[in-house]
Structure formats: C-alpha cells, structure tokens
Amino acid sequence: MPDLRNYVTTPIYYVNGEAHIGHAYTTFIADSVARHSRLKGIKTFFLTGTDEHGQKIEESAKKANKPTQVFADEISRGFKDLWDEFNISYDYFIRTTDEDHKKGVQKAFMAMYNNGDIYKGNYEGHYCISCETFFPESQLIDGEFCPDCGKPTNIVKEESYFFKLSAYEEKLLNYYDEHTDFILPKSRRNEVINFVKGGLNDLSITRTTFNWGVKLPEELNDDKHVLYVWLDALLNYITALGYGNDEKNMAFWPANIHMVGKDILRFHAIYWPAFLMSLDLPLPKHIGAHGWWTRDGEKMSKSKGNVVLPKEVADTYGLENLRYFMLREVPFGQDGDFSQRAFIDRINSDLSNDLGNLLNRIIGMSGKYSEFHIDSKDVARLHQKELDEMNSVLGNLEKFLDELQTHRYLEELWKLFSIGNKAIEEHAPWVKMKEQKKDEALATVALVANILAKASVMLNCIMPSTTTTISEALGFTINTEAYRSLILGQGLLKPFVIAQVPPLFPRVEQPLLEPAPEANKPESEDVEEDNLITIDQFFQTSLKIGTIVEAEEVPKSKKLLKLQVDIGEDKMRQVVAGIREFYSAESLVNTQVCVVSNLKPAKLMGMLSEGMLLAAKDENGLCLVRPESPRKAGSSVG
Ligand SMILES: [Zn+2]
C-alpha cells in the first residue's frame with residue numbers, strides 16, 4: 001500500500017551567492033520525485049526555499065553595502081525566479097526570514113526548553129565562522145582547521161544555550177539500526193554512525209556575537225541571544241507545514257525525503273532527528289545525500305572562472321535535456337562531472353537516436369500504411385512476448401526512483417526503447433506490407449506506440465514538457481488515470497490518429513557553450529587529490545612524430561635551440577627547446593622527435609615556439625623521446 005501523502009524537500013539554499021549547477025541538480029531530483037508522486041495520485045507537498053540568517057549573510061550584506069534584509073531579498077528572489085523559469089513544481093517556497101517561520105522556531109525552542117533539553121551555559125571552543133559551527137578539538141585538522149571547510153578556526157567564548165544532543169546518542173544509533181534506508185545512498189550510513197559513536201557533545205544553539213537571526217522566545221527575557229542558524233534552518237521543514245502556527249499542513253509530516261548535499265548530511269542525519277525526538281515528532285523517512293558537480297573533471301570555482309550557470313546551460317541546450325543529462329549521468333550520491341561532450345553524447349544517442357527516432361519511425365510508417373491511424377487491437381495477439389518484456393521493465397522501475405537512483409531508473413526505462421526498436425527490426429513492417437500482411441505491420445506500429453506511451457508516462461517526472469508533447473501526439477493525456485490504466489492496469493492505447501510532430505531532439509554537432517577557461521596552475525591541494533586523468537583528458541594532448549629539418553643555436557642562450565620541425569603540415573613548426581646542453585644543433589638535423597602539437601604557442605626570448613618536444617631526464621642528463629624506427633612526419637602518437 002503506497003503512502004497516501006508524500007512530503008519532499010530540497011535543502012533551503014543559503015542566500016550567499018547565486019544558484020549554480022549543484023543547486024539545480026538537487027532541485028531537479030526533488031522535483032522529479034514530487035512529480036511522480038503526484039502522478040500516482042498521492043497527495044504531495046514539495047518544499048524549497050532559502051536560508052537567510054547568520055553571520056555570513058550579515059557580513060556579505062555589509063560588503064555589498066546593502067541592508068541585510070534587502071540583500072537577502074534579492075538573492076532569495078533570484079532562486080525563486082530561477083525555479084519558476086525552470087518549471088519546478090514546488091508547493092511552497094519558504095524563507096527563514098518569514099514571520100511565520102520565526103514564530104514556529106520560537107515555539108519549537110520553547111517546547112525543547114520546557115522538556116529540559118535546552119539549558120544555558122558557557123561555551124568556549126573552536127569556532128569556524130564560515131560554517132557557523134563550533135568543533136571539538138578532537139575533530140579539528142592539525143588542531144586548528146575546520147574539518148568541514150578547512151579554514152582556520154578561532155577560539156570563541158560566549159554565553160550560550162545548549163541542546164542536550166549527548167542525551168540522544170543511543171536513541172539515534174538505535175534508529176539508524178532499525179531504519180537501514182534512513183540515509184541514502186546506504187553507503188553513507190557508516191560515516192554518520194561512526195560520527196555518533198565517536199560521542200556527541202551538547203550543541204551550542206544560540207549566539208551573542210551577531211544579530212541577524214531569530215530572537216529567543218520572549219518568555220525567556222534574554223534578548224542578546226539569537227538562534228544558531230542550524231536550529232533555525234532545519235526547523236523550516238516543519239514551519240513550512242504550519243508548525244507553531246495554523247498547523248494546516250502538518251498532516252504531511254513526517255517528510256518522505258529530505259534531499260541534501262553530502263556536506264550537510266551530518267546536520268540532517270544527526271541534529272535534525274535529535275531535535276525532532278525532543279519535539280516528540282516522527283522522523284523523516286529518508287535523507288538523500290548527493291555529491292558534487294565538477295566541470296571537465298575540475299572543481300568549479302569562481303576564481304577559476306569555470307562555474308556552470310544552470311540558466312545558461314538550459315537556455316543553450318534545453319532545460320529538459322539538462323534535467324535528463326544530470327539525472328542520467330550520475331549514480332546518486334557520487335560526484336558528477338559536467339562536460340559538454342558527455343552532455344552532447346546523451347542528447348544525440350539517448351534522446352535523439354533512441355527515443356526521438358522511434359517516434360519519428362512510427363509517425364512515418366503509420367502515415368504510409370494507415371493514414372496515421374493506429375489501433376492496438378492486434379498487439380496482444382501478435383506481440384505478447386514484447387508486452388511481457390515491457391511489463392517486466394515497468395514493474396521493476398519505481399524502486400529506483402524511490403531510492404533516488406535516477407540513473408538506474410532512466411537506464412531501465414530506456415530498455416523500453418530497445419524493445420521497440422528491436423521489434424521493428426525483427427518484424428520489419430515494410431516487408432509485411434509487401435507480403436500483404438497489413439494487420440501484422442500495423443500491430444507492430446501499434447506496439448511501438450504503446451511502448452512510447454508507457455515510457456512517456458514514466459518519463460514525465462523527468463521531462464514533463466517533452467513527454468506532454470509525445471502524449472499529445474499519441475492522443476492521450478498524462479495524468480493519474482493514464483498512470484493507472486497504462487502502467488498499473490497494463491492497458492493499451494485506444495485507437496487514435498497520430499500527430500506529426502517535428503523531431504523532438506535535434507542533434508547537436510558541436511559544443512554550444514564557450515569552453516571553460518584553461519585552468520590556471522592547479523593549487524597544490526588539487527594535484528594531490530586528483531592526479532589521475534581520464535583517457536579523454538589524455539587524448540586532449542595531440543602528440544605527433546616530427547622530423548627536425550633545421551636547428552640553430554639561439555645567441556646569448558646556453559640552453560635554447562631553435563628548431564624547424566616538419567609534423568606533416570604545410571608549414572614547419574618552430575619549436576624553441578631547452579636542450580642545448582645535451583644536443584648540438586647539427587646532431588639533431590634529420591632526426592625524429594615526438595612533438596606536443598596542440599600547445600598554445602609561447603614566446604621564449606622573443607621567439608615564437610609552437611610546440612614542445614618530449615624528453616626524459618634523470619641524473620645522467622636529458623634525452624629526447626624518439627620513435628624506435630622512422631615514421632612519417634605527422635604520425636600521431638598515443
Ligand atoms: Zn568551516
């Protein structure tokens with residue numbers, strides 16, 4: 001029996017900068033889950049919003065020379081506008097600066113205070129301003145640096161209210177034990193369990209060092225404190241339902257899924273459940289922690305100038321293509337890489353070839369054979385095998401979405417198109433038409449129409465607008481009734497006239513966005529972290545065999561030789577190489593070398609150098625890397 005209500009949330013996004021591709025990814029997953037839930041006829045509440053309090057926001061607003069609320073308003077609106085433009089089907093957009101939210105937070109604080117879980121004390125500890133978190137000494141890196149962001153921490157002493165987190169250690173461990181799918185992907189469970197087993201300190205939940213936050217409840221008469229942002233922020237998931245106010249949507253609690261980034265998993269899987277236990281509320285069913293996005297294998301950062309802006313990509317490649325790519329490309333929980341090449345491959349191969357062509361083929365065939373009329377009447381008689389295959393795929397599909405494994409969900413879903421394409425090849429309707437077996441030809445066309453219909457019902461949550469176009473062409477509407485009859489009831493389409501839609505996924509021949517600026521010299525930490533490259537990255541280097549045609553010494557330089565190298569192009573390449581200590585100019589003429597031919601030209605002592613020679617060096621000196629036997633100039637190496 002499925003849940004009758006479903007509550008899905010994104011994290012509330014921190015208003016300290018504009019939305020990037022990672023925000024879009026979380027929001028796409030949550031939106032897809034919410035959409036599919038509604039399609040199944042489940043009452044669904046989908047929440048997103050912005051997290052607006054804390055010292056960092058106060059400081060950023062000051063830097064931007066704006067009143068803090070104005071600053072928060074602007075960035076919050078940026079998120080909301082983007083989600084509206086992206087057709088995100090949220091039911092409510094919460095802001096932690098909303099009056100209702102603040103009231104709800106104060107109610108929750110009082111409830112925890114009254115049951116003895118909150119007390120006043122003094123806190124002295126290592127505080128990370130960036131993460132707005134105190135860390136016990138044992139967690140600091142090298143006794144000083146923040147374990148979450150790596151920045152230096154400061155010792156701060158202040159009066160503070162505390163939440164008795166330590167009292168919840170056992171209860172939390174028991175809960176993880178009894179609910180093995182509480183944390184998704186399950187591979188992240190252990191890191192949470194180990195953290196709790198390491199011992200939980202009581203949590204400082206108020207601050208006196210800044211003002212931009214929710215004030216303590218008036219009853220406490222202690223107005224120099226504001227609430228610590230995590231307590232304030234996490235409570236959004238219930239204040240959005242009316243907690244502490246009209247409670248009007250509290251029937252949606254507990255949430256079915258909180259989508260979070262892996263950096264905030266600990267707050268959601270440890271603090272949040274403890275707060276809820278204290279409030280005597282049930283815990284969310286799942287916390288889904290997703291990974292990061294890189295670009296072309298590199299960390300995205302403003303300083304590198306390689307940040308992918310979701311709106312720019314969506315405007316260029318199509319919003320739903322972007323949704324499909326992001327949800328198909330990455331196993332949930334792992335880091336994903338945004339590369340235009342991978343994106344274009346998905347568009348051309350999965351969307352254009354597999355899905356788009358299948359629709360075009362049946363439009364074409366039905367036009368030729370039956371004036372676009374399609375009738376399912378002979379499908380069960382002639383294609384039971386394919387129907388069985390199809391139903392078995394459909395029957396196993398939803399569990400992947402339930403576990404947020406959208407890449408598996410889509411991978412499985414795509415099997416339907418293989419069944420369709422294979423049926424066309426095997427039954428060759430054009431041959432059947434020649435053999436005067438029109439019924440059989442039309443049954444195959446109708447089979448494929450049904451495959452497309454069912455696939456578009458299931459794909460609707462990922463590509464809502466594209467699948468609406470497909471279903472309109474197939475003469476039906478995607479709604480709960482269609483889900484029940486076509487998917488649950490394994491029913492077939494009623495007779496219809498197929499509409500001639502233009503190709504849905506035009507092929508993309510080349511990257512449409514400017515490539516990422518060439519990375520500056522990577523910081524040393526990056527090198528350590530990731531010194532493996534992919535085969536694609538390797539082949540970005542073009543290596544060629546070259547024949548040295550001329551060589552001369554460079555006046556005033558002890559090291560440099562100026563070479564003219566034939567690498568099979570019309571023009572010689574001039575290469576200035578630092579090899580004079582090891583080779584005389586004349587000894588090099590008519591010998592072969594290995595040239596990196598796609599380096600950006602550089603100037604050395606005022607001379608242009610248009611390539612680099614491969615060489616090996618050790619304590620005995622340097623030698624050039626050469627082919628074992630002569631090769632044609634310009635032969636590629638690799
Ligand atoms: Zn930090």
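# Exercises on a predicted model

The domain assignment of the protein chain lists domain 1 (340-497) and domain 2 (535-637); such bounds come from an automatic or database domain assignment. This is a predicted model: local features need pLDDT of at least 70, side-chain atom pairs count only at pLDDT 80 or more, and totals for chains, interfaces and linings use all residues. Residues are numbered from 1 along each chain as its sequence is written.

## Exercise 1: the whole chain

Task: State how far apart the C-alpha centres of domain 1 and domain 2 lie, and describe the protein chain overall.

Solution. Start with the domains. Their C-alpha centres are 56 Å apart. Next, take the box. Along the principal axes, the C-alpha atoms of the protein chain fill roughly 90 × 85 × 45 Å. Then count elements. The protein chain has 24 helices and 28 strands. Helices (H or I, at least four residues) and strands (E, at least two) are DSSP runs, numbered from the N terminus. Now turn to burial. Of the 638 residues in the protein chain, 40% are buried. A residue is buried if 20 or more other C-beta atoms lie within 10 Å of its own, exposed if 12 or fewer, and partly exposed in between, with C-beta atoms placed from the backbone. Last, contacts. Among those between residues at least 6 apart in sequence, 70% join residues at least 24 apart. Two residues are in contact if their C-beta atoms, placed from the backbone, lie within 7 Å.

## Exercise 2: the cores

Task: Find which helix gives the most to the largest nonpolar core.

Solution. First, the term. A nonpolar core is a set of buried Ala, Val, Leu, Ile, Met, Phe, Trp, Tyr and Cys residues joined through C-beta atoms within 7 Å. The largest one has 145 residues. Residues with the most contacts inside it include L234, L359, V448 and L452. Helix α19 (residues 438-459) gives the most to this core, with 15 residues. Now look at L452. Beyond its neighbours within four places in sequence, L452 contacts L358, L359, I470 and L474. A second, separate core holds 17 residues, among them L560, V565, I567 and L588.

## Exercise 3: a sheet of 4 strands

Task: Work out which strands stand at the edges of the sheet β6-β5-β7-β9.

Solution. Begin with the order. The 4 strands β6-β5-β7-β9 form an open sheet with antiparallel pairing. Two strands pair if DSSP finds at least two bridges between them. The edges are β6 (133-135) and β9 (203-204); each has a single partner strand, so one side of each is left without a neighbour in the sheet. Now go inward. Strand β5 (residues 118-128) and β7 are antiparallel, with 10 bridges. There H126 stands opposite I155 in β7. Strand β7 (residues 154-163) is joined to β9 by 2 bridges. F163 has L203 in β9 as its bridge partner.

## Exercise 4: one residue of β7

Task: Decide whether E159 is buried, exposed or partly exposed.

Solution. Locate the residue: E159 is in strand β7. Count its surroundings. E159 has 15 C-beta neighbours inside 10 Å, so E159 counts as partly exposed. Check its contacts. Leaving out residues up to four places away in sequence, E159 touches N122 and T208. Finally, look far along the chain. S542 is 383 residues from E159, and their C-alpha atoms are separated by 62 Å.

## Exercise 5: a mixed sheet

Task: Identify the edge strands of the sheet β15-β14-β16.

Solution. The 3 strands β15-β14-β16 form an open sheet with mixed pairing. Its edge strands are β15 (298-299) and β16 (336-338), each pairing on one side only. Strand β14 (residues 293-295) pairs with β16 in the parallel sense over 3 bridges. Across this pair, T294 stands opposite D337 in β16.

## Exercise 6: a helix pair

Task: Give the angle at which helix α2 and helix α3 pack.

Solution. Helix α2 (residues 55-63) packs on helix α3 (residues 68-85) at about 95°, with axes 9 Å apart. Axes are lines fitted to C-alpha atoms, for helices over the stretch in contact, and angles run from 0 to 180 degrees between N-to-C directions. That makes α2 roughly perpendicular to α3. Angles under 35 degrees count as roughly parallel, over 145 as roughly antiparallel, 65 to 115 as roughly perpendicular and the rest as oblique. At the meeting point, I57, E58, S60 and A61 in α2 meet T68, F71 and A72 in α3.
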